[in-house]
Amino acid sequence: MAIGDRPCRWPTILASAHSMTMVADGRSTEVSRGSGPGATHHVHLHPSPADAGLTGAAGAGERVPATLKFTDVAPLPVRDRVRARVTVMGWLTSRDKTASSAGDCMEFATAVLETSTCKAGIGLDDLLAAPADPLATYEADILTHLVEEHGHYIPLLLRLVEPRFLQLMERVVPLAIDRYGISLRVEYPLGHHDVRLPFHKTLTDAAQFGIQLQALLTTARRCSHGSRLLSAERGPDENAISRRS
């Protein structure tokens with residue numbers, strides 16, 4: 001399954017985003033995350049009132065069409081580094097300002113998730129009810145640590161990849177992790193292919209990642225085929241991962 005196809009990607013992207021682009025009144029502004037969780041710390045989403053219609057003013061307060069754009073970028077340098085985009089559309093309003101003095105209020109119209117393989121919409125209730133992935137705010141640190149301190153694990157994990165996807169491979173980079181597994185991006189002279197390695201058990205806490213990773217490695221060691229990165233001609237780390245920035 002490709003990155004972003006799972007329902008948890010919605011709140012995960014919002015929870016882990018360090019910034020967002022707000023487009024309102026014809027102007028685009030980059031907004032950094034505040035001290036609270038997620039890039040929407042200073043934007044409060046509310047249902048659109050029935051008397052507002054699709055355009056025009058609500059019963060109280062000015063309504064300005066607005067769009068919030070969140071970009072999910074792979075923590076490590078890979079080709080096509082943008083993994084997904086979430087766009088939230090609605091109206092900025094002052095009608096609930098007294099209830100949310102810490103930030104702006106936004107009447108929610110719709111949200112759209114776009115990945116390389118899908119495009120889907122979601123309603124406000126479903127968006128707010130969906131839990132973020134337990135690894136959402138730890139993913140970047142975990143992947144960076146995996147590459148910098150345990151790069152020798154990557155060739156082992158490649159034992160779990162179908163050999164046909166390793167033909168003409170130039171390098172492989174950990175692309176993403178979530179509660180369900182780890183994804184690797186296999187890059188070729190032309191193009192790339194993403195491979196998903198599911199964990200034996202779904203994670204409920206970030207502390208469980210190490211156990212599930214070791215379970216994958218144990219399975220990999222039992223595989224009958226090894227990747228070309230484990231051949232006698234080269235060391236286990238050589239060319240397995242590019243550390244270019």
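This text describes the nonpolar cores, helix 3 and the cysteines of a predicted model. Local features need pLDDT of at least 70 and side-chain atom pairs count only at pLDDT 80 or more, whereas totals for chains, interfaces and linings use all residues. Residues are numbered from 1 along each chain as its sequence is written, and side-chain values use heavy atoms, with hydrogens and water left out.

The largest nonpolar core (buried Ala, Val, Leu, Ile, Met, Phe, Trp, Tyr and Cys residues joined through side-chain atoms within 4.5 Å) has 35 residues, and Leu-157, Leu-197 and Phe-209 touch the most other members. At least two residues each come from helix 3 (139-149), helix 4 (153-157), strand 8 (171-178), strand 9 (181-187), strand 10 (192-198) and helix 5 (209-221); helices (H or I, at least four residues) and strands (E, at least two) are DSSP runs numbered from the N terminus. Strand 8 gives the largest share, five residues. A separate core of 21 residues includes Ala-111, Leu-113, Ile-122 and Leu-124.

Beyond its neighbours within four places in sequence, Phe-209 is in contact (heavy atoms within 4.5 Å) with Leu-135, Ile-142, Ile-177, Phe-199 and Leu-203.

In helix 3, Glu-139, Ile-142, Leu-143, Leu-146 and Val-147 are buried, where buried means under 20% relative accessible area, exposed over 50% and partly exposed in between (1.4 Å probe, protein chains only). They lie on the same side of helix 3 because they cover an arc of only 125° around the axis, taken from the directions from the helix axis to the C-beta atoms. Asp-141 and Glu-148, on the other side of helix 3, are exposed. The buried residues of helix 3 pack against strand 5 (82-93), helix 4, strand 8, strand 9 and helix 5.

Cys-118 is partly exposed at 27% relative accessibility, and Cys-223 is partly exposed at 21%. The whole structure has zero disulfides (pairs of cysteine sulfur atoms within 2.5 Å).
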